[in-house]
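Please read the following account with the structure open beside it, since the paragraphs move strand by strand and then out to the chain contact.

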Amino acid sequence: MNPALASYAEAFERFTAVVPAPQRAARRERLNEFLKLGFPHRKVEDWRYTDLSTLATGSFINASDATDSLSGAFLPRTDRLVYINGHLDKTQSTADELSDWIAGDDVTGDAVAALNAAFALPGLNLKLGRNATIARTLHIVIAGHPQNSPAMNHQRHRIELGEAAEATIVFDFIGLGDGAHLATHTLDIRLAAGARLQLYRVQNERAGSTLLTRIDARLARDSHFEAVCVDGGSGLARHDLNVELAEPGAEVIVDGLFMPVPGAHIDNHTRIVHAAPHGRSRELFKGIVDERTRAVFNGKIIVRPGAQKTDSEQHVANLLLSRRAEIDAKPELEIYADDVKCAHGATVGQLDETALAYLRSRGIDAATARALLLRAFASEVLDKVEPAALRARLRQQLNLPAGDSLDIAA
Amino acid sequence: MLEIKNLHATVHGKEILKGLDLTVKAGEVHAIMGPNGAGKSTLGYVLAGREGYEASAGSVTFDGKDLLTLTPEVRACEGLFLGFQYPVEIPGVSNLTLLKAAVNARRKYRGIGEIEATDFLAWVRERAKIMKIDPKMLSRGVNEGFSGGEKKRNEILQMLVLEPRLTILDETDSGLDIDALKIVADGVNAMRSPDRATVLVTHYQRLLDYVKPDFVHVLAGGRIVRSGGPELAIELEEKGYAWLEAA
């Protein structure tokens, strides 16, 4: 064991008593795996730009529950699970029955996944049968409330949709204050034939937080998975999104927007695997980066042998607001089938000075003109956020002006 | 209203305007003609405050205020409008958004509250009619997918909506067919009033058949080399500019 990780081993001993007995042995194995692997560092290719090694000496204790009213974040016409520091807040939740301990996972060789598996508290466990639909959007509020000493919490979630089942789910990560805090979340998604899932993952963490999320989705025949990911917020965030189009005719659409505030570090790693023929994938990530922020995007598309007639598009567009801003964007394409259509493009640019000058010549001050252009850039992704209240909140959080909704034809 | 004295201006370190004098009074329409490279567009940009167009000497006052010290947006709020020769496309920012932001910027500058949405839309709709622009096009991005003629008409629409006191139109007539030219001229004429002034920068006499100028100036080599009445434009159309440049 890496001696630096002793605090995690100790934390586990205190934690294990609350875990359901049948899960304890497996979790201890995952702890040992984590202790052996240690946190990933820069020499690991997948973590080249996001170094977690300082977390080793963080001496995080398991966060205790806290109370905080999250009503300001509630979305109308949704059912809700509210977690604060990993603990379900029953008074603010309306769908308690969907929260449960989740056992078993098949991700090995990944230190963060192992850490999560060892310590994971109950999370969303949604299982829909054939043709089932959830009546209302499910809003999962995941709030971190900093404590006097560095605290951590880990959660595991699962979404299983049966044949032709449908659901819309919002994962809403909210920081309630500055301070050292570590949170990991894993989400397993399994879509049976013809199932449809609309997922939102949005984040507004605060300074000092480390948020590590990992989504693994497996898509069966003709299923449809759409994910919109929006990162504002501060702190360090790393998101892994792995999608496997396992059977013919599956479709995935991923849209992402990141706009870190100064001091923030946001790392998105996506991996879309076309493992069967006639799959379709669309991916669009947009980033707005200023100086003193760090953003990483790595998007891998893999077309396996036999995944003929794959139709895949990936677009990455980044806007650098300052000469000193930096983004590490890396699209990767691996194609092992010959009858496929794959397009990808990555751009890095600056705000259009000519457009800015034009707006100013009409009397619009520089700050407003800039905000209008940033909104225009971000809209392509933000407009995909269907719940209006969520879209409005994200706009505000990203300091983008509200739309005019002027209808001159009326 | 506008008083330009001995204006020198450089673009990328090269002197383009070399001692230009021009006085425009309220109620007047001035036409500035001249050969390519004379500095006509530069004059518009310097007046509007475009970055990279620096006045190196001389003075410009607008209603007694030193125009050259003001930011482009304050110049616009003061009542200056430049119609661009090449209007830019701004996908994602609709024409209505631009117009509303511009209207409200002026109102804020004058210390009054934002315009009501219904008043704003009625105001724009009425002016779009003059310019024969389908209001539906205004929900699109600024000039996005507009033809050359539509872009120019859109510039004049912006002028009509914003009601500037001094309008400078930089070759708004170039590239227009005769119908579009008439629409543009109608728009410009609609704005003529005793307390407003217009400066038309143009290559051709054609526009001046529809918008009668009070004064015509010839800009060559960075200076006004000749001024006269509307008859000067006709003379230029016949003789070209060479005889003036040689003089």
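Two strands are taken as paired if DSSP finds at least two bridges between them, and the strands themselves are DSSP runs of at least two residues, numbered from the N terminus. With that in hand, and bearing in mind that this is a predicted model, one can begin at M33(B), which stands opposite V218(B) in β11(B). The pair belongs to a parallel arrangement in which four bridges join strand β3 (residues 29–33) of chain B to β11(B).

Strand β11 of chain B, which spans residues 215–220, is mostly covered, five of its six residues being buried. Besides β3(B), strand β11(B) is joined to strand β12 (residues 223–228) of chain B, here by five bridges and in the antiparallel sense. One of the pairings across this hairpin sets A220(B) against R223(B), its bridge partner in β12(B). Two residues lie between the strands of the hairpin, in which G221(B) takes a positive phi near 60°.

These pairings are part of an open sheet of six strands in chain B, whose order is β6-β9-β10-β3-β11-β12 and whose pairing is mixed. Which strands stand at the edges? They are β6 (80–83) and β12 of chain B, and because each has a single partner strand, one side of each is left without a neighbour in the sheet. From one strand to the next the twist averages 20°.

At the β6(B) edge, the partner is strand β9 (residues 166–170) of chain B, which runs parallel to β6(B) and is joined to it by four bridges. Here F81(B) has T167(B) in β9(B) as its bridge partner. Helix α5(B) packs on the sheet, where it touches β6 and β9 of chain B, and the direction of the helix makes about 170° with that of β6(B).

The last step leads to the other chain: 31 residues of chain B are in contact with 22 residues of chain A. On the side of chain B that touches chain A, at least two residues each come from α2 (72–78), β7 (90–94), α3 (95–109), α4 (117–130) and α5 (148–162) of chain B. Of the contributions to this side, that of α3(B) is the most, with eight residues. By residue class, the side of chain B that touches chain A divides into 20 nonpolar, four polar and seven charged residues. Helix α5(B) thus appears twice in this account, as a helix packed on the sheet and as one of the elements that supply the side touching chain A.

Conventions:
Residues are numbered from 1 along each chain as its sequence is written. Chains are lettered from A and ligands numbered from 1 in the order in which they are written. This is a predicted model: local features need pLDDT of at least 70, side-chain atom pairs count only at pLDDT 80 or more; totals for chains, interfaces and linings use all residues. A residue is buried if 20 or more other C-beta atoms lie within 10 Å of its own, exposed if 12 or fewer, and partly exposed in between; C-beta atoms are placed from the backbone. Two residues are in contact if their C-beta atoms, placed from the backbone, lie within 7 Å. Ala, Val, Leu, Ile, Met, Phe, Trp, Tyr, Cys and Pro count as nonpolar, Asp, Glu, Lys and Arg as charged, and the others, Gly among them, as polar. Axes are lines fitted to C-alpha atoms, for helices over the stretch in contact, and angles run from 0 to 180 degrees between N-to-C directions.
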